[in-house]
Every structure is written in structure tokens, then in C-alpha cells.
Amino acid sequence: MRDTSPYYTVVSTTVSQVTGDGNDNQEVQIKMAKSVRRWEVFPGKNKFYCNGRIMMARQAGVFYLTCALIIITSGLFFAFDCVYLAQNVTPAIPAIGGALFIFVMATLLRTSFSDPGVIPRASAEEAAEMERQNEVANPNSPGTYRPPPRTKEVVIKGQVIKLKYCFTCKIFRPPRASHCSLCDNCVERFDHHCPWVGNCVGRRNYRYFYLFILSLSLLCIYIFACVLTNLILRAQDDNFLTAMKDSPASVIEALVCFFSIWSVVGLAGFHSYLTASELTTNEDIKGTFTAKRGQDNFNPFSKGSLLKNCLGVLCGPNPPSLLDRRGMVVPEPEPVSHVSVVQAEKDANAVSAHHEYYGSTQKTNNMGTNTVADRSVVVVNEESSPKKRDMISYQSPDGSINNKVPSVNGSGTRTAVNP
């Protein structure tokens, strides 16, 4: 068995057929459609796992580093600091830390493994139809057309928004969408591509990304505070240096959390501002809704208040994915040739003959002779296969060969027709 395309599997089999010379073994290749899901032929630069249920960016190395830092630091905290603090302070410390750790990992995995809001690409027919609809007549040269415009304008709450044409996806991107060069996809409400989570951040996973960095900030601050408390309590019996020697894991945790707090907390604050303003990182960097000289520019997507904007991001409905990742691909029909493989010629002038009878009650001589030998055939299903008369050549009584079907005489038998 071998594959010739993503949609078909070629299976070779041997069929025994009775001919005028006896049994004739034929090798027939049957081209059968195989089940292919859409994620297997997805054109973007993404990786899929669990039969398409998990979708990530192709460069996911930094994501594994993120997981390692969180798991190792939290593991050291639970193994060394929590034991001492639970005995000398309160048993609630490991419980609170465990709840924060679970929430951080849950939001991280939800952000990394989900579809961020990828917009499907236009098919060849849709792209051609869009080009046809956007053709503009050229007044300077009658009968010719200008290239179609690459931008469109829509009005949202009185604000003019430009829709740009994506040459890769062959679509006009909806408002707030952008094409990610790393994932090679257009993403709805594109915020940015985050290597730390190994995925784009867009309309469908932004809330989980925001909750991730917010909870991670709390976890870093919580671990850092507990580690300092542990070292201070241990230093009361001797000195701070001795306490560090007694608990070296606490020093590692303190260093990791100290350098992480500044970036994580700063990132959480920045995205809190974006959430309250109903902006994306992409829009904020480009100044999309910044007031320009001589032009009143405002954000038409804002809901009017900080609270409503935050509730819209955190509590609003999550739209369904536009990608049918686990759907089946329907292969397009392909033209194939159909010729049977027979035994090798006995000598250079030998021809293998197969006799076929088409509704006749009498056996006719020299009809249905197949003059093609030793060729490969691919047979598809019954609906797309040609008729038997298209697969053979006919020999007339005078010895000439033609491919026309002999006509039927009054007795119901076919007579040979000269070409």
C-alpha cells in the first residue's frame, strides 16, 4: 500500500480471470479515498495535537520554558517553604498557593491550546469571484480593467474603518483583524503573537491570556512574600546567612520571582489598561484610534465606560471557532486511466486477449480483444469508472483495430464497424 496524494490510498491486489488461454492473473491498483481531516491539510503554520483538538504555533519552545519555570518554582515552594510555613504560621498558605497554581496553569493551557480566532482562507472559487466583483473599468483604455482596490471602507458608529485586503488569505480582513506573520493566519481582534504562551492572542483566547498574566502576577508576589517570610523566621534563630544555607531552595525561588515580578506585573498593568479602554496591543502600538491632526478620531468599539469594557472582555460570550478542524475533507474528483495488467508476453508478437460479451446470446469471434498488455491501471469506484467499452479496443473482421463500439444488428448481436 502506498500513498499518491493526501486524499487517496492506492491498494494493489491480484485478480484471477478466465480467458481463452486459461486462467490469467491480473494485478489491479484500486485508488480508494481515505479519511482526511481538515487540520491535516491546514495551510497555516500551526501544529495540531489530539486529532486536531489542540492548536498551537509551530515555534513552541518558549512555551515549554514558561511551563518549566512555573512548575519548577512552584514545586520548590510547595516542597520546602510550605512545609515550614504551614507548621509555624498557618496551614492556609499551601492551600492558597495550590489554588493560584492550578488557576495559572489552567488559563495558560487554555490560552495556548485554543484557536485564537483564525479566519478561514478563501477558496479558489471565492477568491476568483471576489476579484471579478472588484474589477474596475479603466476609462483610459476601453475594454480593460484596473487592478481591484485593496482597501474597503465601512462606517461603525460614525467612524470610518478601513478593511485591508490580505494577499495570503485572499479576503478583506474584518475590523480589528490582522495577519500574523509567524502563524501565517488572519486572526479576529488580533492583539499580538505571544511566544511565552506559544500562540496568537486574539478574540477567542484574549480573556484567558489576561487572566493568566493577572493570576501569574499574584502567584509571583505570593511566592516571593512567603519565601521572605520563611527566611526571616529562620533567621530569628541565628542569622540571615545561616537561614539561606538551611533553605537554599528559597534563594532560588526568591531570585526567579524577583526578576519575573517586574515584567509580569508590568504586563498585567498594561493589559488592564487595554481591557478598560477596549483596545488591543496592535491598535495601541499603531495608534489606530489616536486623534490625528484636523481629524476627530475615537474608538467605536468602546462600550462607554471602564466597567462595561472590562465586563465585555471578561464576561462576554466567547464566539465559536470558524475552523472546522476535525471535519472531513471531501476530495475533488481526479481523472484517472483504466487499463488492466496481464501476464508478460510470451514472445515479442504475442497479444493477450480477453473476451467480453455485451448482452449477446452468441459468442462472437475477435470481439472484445484487448491489445494493450503490461500496463498499470488505477481503478476508482463504480460511479467514476468508465464503461467497459471505453477500456478496450475492437478488431474488425478485416484485421483493423478501432475503439468504436460495434453496432447492434436485428438479432441482438454486435457487428464490427470499420473506423
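Biologist: In this predicted model, what does the side chain of D115 reach at 3.0 Å?

Modeller: The backbone nitrogen of G117. The side chains of D115 and S321 also pair up, at 2.5 Å.

Biologist: Why is the D115 and S321 pair called a polar contact?

Modeller: The cut-off is N or O atoms within 3.5 Å, one able to donate a hydrogen and the other to accept it. The side chains of D115 and S321 are joined at 2.5 Å, so the pair qualifies.

Biologist: Where is D115, and what else is it in contact with?

Modeller: D115 is in the loop between α2 (92-113) and β6 (118-119). Beyond four places in sequence, its contacts include M55, R204 and R325. The C-alpha atom of V201, 86 residues away along the chain, is 9.1 Å from that of D115.

Biologist: What makes D115 count as buried?

Modeller: Buried means under 20% relative accessible area. D115 has 0%, so D115 is buried.

Biologist: How many disulfides does the structure hold?

Modeller: Zero. Take C166: the nearest cysteine sulfur, that of C186, is 3.5 Å away. A disulfide needs two cysteine sulfur atoms within 2.5 Å, so C166 is in none.

Biologist: Why is C226 too far for a bond?

Modeller: The closest cysteine sulfur, in C82, is 6.7 Å from that of C226. The limit is 2.5 Å, so no disulfide forms there.

Biologist: Are C166 and C226 buried or exposed?

Modeller: Buried. C166 has a relative accessible area of 3%, and C226 has 7%. Each value is under 20%, so the word applies.

Terms used
Residues are numbered from 1 along each chain as its sequence is written. This is a predicted model: local features need pLDDT of at least 70, side-chain atom pairs count only at pLDDT 80 or more; totals for chains, interfaces and linings use all residues. Side-chain values use heavy atoms; hydrogens and water are left out. Buried means under 20% relative accessible area, exposed over 50%, partly exposed in between (1.4 Å probe, protein chains only). Helices (H or I, at least four residues) and strands (E, at least two) are DSSP runs, numbered from the N terminus. Contact means heavy atoms within 4.5 Å.
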